[in-house]
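Student: I'd like a close look at a single part of this model, one strand and whatever sits around it. Could you walk me through it in one go?

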Amino acid sequence: IIPIEHTGDKKEKSILVCSRIERSKKIEVLIEAFKSSAFLSAEYALWIVGGIDKKDMEYVQYLRNLAEGCNISFYTDVPHEELARLYNKASFFWHCKGYGVDEENDPYKLEHFGITTVEAMSAGCIPVVINMGGQKEIVTNGTGYTWNTPEELVEYTEETAKASTRMISLSI
């Protein structure tokens, strides 16, 4: 694995989702959350970045249809340099694998560590991630946010986006 280094690039009004693009990652929840916010939809872009396996093409098409007409872009199978650029330009990082899963009975369906979250944080992205599995151990109070509902995801992102000093302190 090649580390993502913080380049100090100017952050754009964008939210990064970076993972394999497959059903277990629940990317549709993130798209719907983004679309539900008039503020985020008007002011921010949602970037979905990841690898695609041929078996997941139907899901990818479903996501593209769901995103149609919104400021949502897909970057698939990008080289490391492009991935690093996207990490360094994004303001926020969203993650939700495990949403809707019973953490006690199905812990194997959660993200156990979450290297993309760590990479995003190392590039100065503010993490707003699901409060489950390894995510809640990586993101603690003062380093970003963990959420339990899509409404909280949107609330934490909007509140932070509107508070420039908070954004600066969380992206260092």
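Tutor: Sure, let's start with a contact at one end of the strand: S14 stands opposite A45 in β2. Keep in mind that this is a predicted model.

That pairing belongs to a longer run, since strand β1 (residues 14-18) and β2 pair in the parallel sense over five bridges. On to the next neighbour: β2 also pairs in the parallel sense with strand β3 (residues 72-76), again over five bridges. Within that second pairing, V49 has Y75 in β3 as its bridge partner.

So which way do the side chains of β2 point? A45, W47 and V49 go one way, while L46, I48 and G50 go the other, and all of them are buried. In general, side chains in a regular strand alternate between the two faces of the sheet. Buried here means under 20% relative accessible area. Six of the six residues of β2 (residues 45-50) are buried, so the strand is largely enclosed by the rest of the structure.

Now for the connection onwards from β2. Together with helix α3 (residues 57-67) and β3, β2 makes a right-handed β-α-β unit.

Just ahead of the strand there is a side-chain contact worth a look. E43 forms a salt bridge with K13, and their closest N and O atoms are 3.1 Å apart. This pair links distant parts of the chain: E43 is in helix α2 (residues 38-43) and K13 in the segment before β1, 30 residues apart. E43 is partly exposed, with a relative accessible area of 36%, and K13 is partly exposed too, at 47%. The structure holds eight salt bridges. Another of them joins the side chains of E22 and R20, at 3.1 Å from N to O. There, E22 is buried, with a relative accessible area of 15%, whereas R20 counts as partly exposed at 47%.

Zooming out, the chain has eight helices and six strands, and from the N terminus on its elements run β-α-α-β-α-β-α-β-α-β-α-β-α-α. The radius of gyration is 15 Å, close to the 16 Å that the globule rule gives for 172 residues, so the chain is as compact as a globular protein of that length. Its C-alpha trace spans about 40 × 35 × 35 Å along the principal axes. For the chain as a whole, 49% of the 172 residues count as buried, while in β2 the count is six of six.

Note on methods: Residues are numbered from 1 along each chain as its sequence is written. This is a predicted model: local features need pLDDT of at least 70, side-chain atom pairs count only at pLDDT 80 or more; totals for chains, interfaces and linings use all residues. Side-chain values use heavy atoms; hydrogens and water are left out. Buried means under 20% relative accessible area, exposed over 50%, partly exposed in between (1.4 Å probe, protein chains only). Helices (H or I, at least four residues) and strands (E, at least two) are DSSP runs, numbered from the N terminus. Two strands pair if DSSP finds at least two bridges between them. A crossover is right-handed if, with the strands pointing away from the viewer, the path from the first strand over the helix to the second runs clockwise. The radius of gyration is taken over C-alpha atoms; the globule rule is 2.2 Å times the number of residues to the power 0.38. A salt bridge is a side-chain nitrogen of Lys or Arg within 4 Å of a carboxyl oxygen of Asp or Glu.
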